[in-house]
Amino acid sequence: MNDESFFVIKYFSFLLLLLHATYGFAHDPLSKRNVPNKGKPQIYGGYANGCIYGAKKLSEDGTGFQTMRLKRNRFWGHPDLVGYLEQLGHTIKHTHSWHGMLVGDMSQPSGGPMKYGHKSHQSGLDVDLWLDPAPHERLSRQERQTKGATSHVRKDMTIRKSWTQAHRDFVMLAAKDKRVTRVFINAALKKDICAHTDHNNPDLRKIRPWYGHDDHIHVRLECPSDSPKCV
């Protein structure tokens, strides 16, 4: 092999690696190897360094919710998380002005670290909820992959007109459940919610400012009592 051929092979090998790094992780395809650990639901470790046995899959559609980004296969969680989302969806559907909510990433079938997007979401107790109402019609699988979430905060940390009282009510409903320990949201939106909510409301303490989170909230549940190794 001459020097020119060697350079061409080396160049294209590097190009393939670059393309894979850039686009290969854009979707986590459903993998037969990425299946739930069987057994009684148990969480081991923490939100950013853990795994789960007996994870439960959230339905693509339910009362008051639709699941997004299905190709990622990140719609698994502890039964407490699935139950929380089903209950919240029912509450949204029947008591809120929105038709329903859009559910983003939960965890992978057995938890653990993801290839991209999150450092947490590893133990089946975290979920991203979009700050957009679900439409009345059922979204197609293609729409669930391509539809974007609405950012409600400008770069200068001022709030856009797209942010309404319905959004504030949604965040407070998400925080109300006793299993919820944290709700992460953009600092500007947290400040706005405080300005429009009774300061004696204990659920305000659960809502914490965090970088980003201008188009979704990150809800985190506390460790279940029957998972002693959950941190």
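Which residues lie nearest the centre of the largest pocket? They are Gly117, His118, His121, Asp128 and His216, out of 23 residues that line the largest pocket. Keep in mind that this is a predicted model.

The largest pocket holds about 440 Å³ of space. Sorted by class, its lining has 9 charged, 9 polar and 5 nonpolar residues. Two strands, strand 8 (126–133) and strand 11 (216–221), each put at least two residues into that lining. Strand 11 gives the most, with 3 residues.

How much should you trust the picture? The average pLDDT for the chain is 88, and 86% of the residues score at least 70. The stretch to be wary of is residues 5–33, where the pLDDT is below 50. Beyond near neighbours in sequence, residues 5–33 have 20 contacts in the model.

Now for helix 5 (187–195) and the loop after it. Asn186 caps the N-terminal end of helix 5, with a side-chain oxygen 2.8 Å from the backbone nitrogen of Ala188. Ala188 itself is buried, and so are Leu189, Lys190, Asp192 and Ile193 in helix 5. The cover over these buried residues includes strand 8, helix 4 (165–176), strand 9 (180–185) and strand 10. Strand 8, as it happens, also helps line the largest pocket.

The loop between helix 5 and strand 10 (207–209) is home to Lys206. Is this lysine buried or exposed? Lys206 counts as buried because its relative accessible area is 15%, below the 20% cut-off. Its side chain has backbone oxygens to go to: a polar atom lies 2.9 Å from the oxygen of Asp177, and the side chain reaches the oxygen of Val180 at 3.4 Å. Setting aside neighbours within four places in sequence, Lys206 is in contact with Ala175, Lys176, Asp177, Lys178, Val180, Thr181, Arg182 and Val183.

Finally, a couple of backbone oddities. Asn73 has a positive phi although it is a residue other than glycine, and Met157 does too. Here they are side by side:

| Residue | Phi | Loop | Relative accessible area |
|---|---|---|---|
| Asn73 | near 60° | between strand 5 (65–67) and strand 6 (76–77) | 5% |
| Met157 | near 70° | between helix 3 (141–146) and helix 4 | 41% |

With its 5%, Asn73 is buried, whereas Met157 is partly exposed at 41%.

Terms used: Residues numbered from 1 in each chain as written. Predicted model: local features only at pLDDT ≥ 70, side-chain atom pairs only at ≥ 80, totals over all residues. Heavy atoms only, no water. Helix = DSSP H or I, 4+ residues; strand = E, 2+ residues; numbered from the N terminus. Buried < 20%, exposed > 50% of the residue type's maximum accessible area, 1.4 Å probe, protein only. Polar contact = N/O pair within 3.5 Å; in protein donor to acceptor, adjacent residues only side chain to side chain. Contact = heavy atoms within 4.5 Å. pLDDT = per-residue confidence, 0-100. 1 Å grid on protein atoms, 1.4 Å probe; cavity = no way out; pocket = protein on both sides within 12 Å on 5 of 7 lines; lining within 4 Å. Points joined across faces, edges and corners; volume = space filled by probe spheres on them. Nonpolar A, V, L, I, M, F, W, Y, C, P; charged D, E, K, R; others polar.
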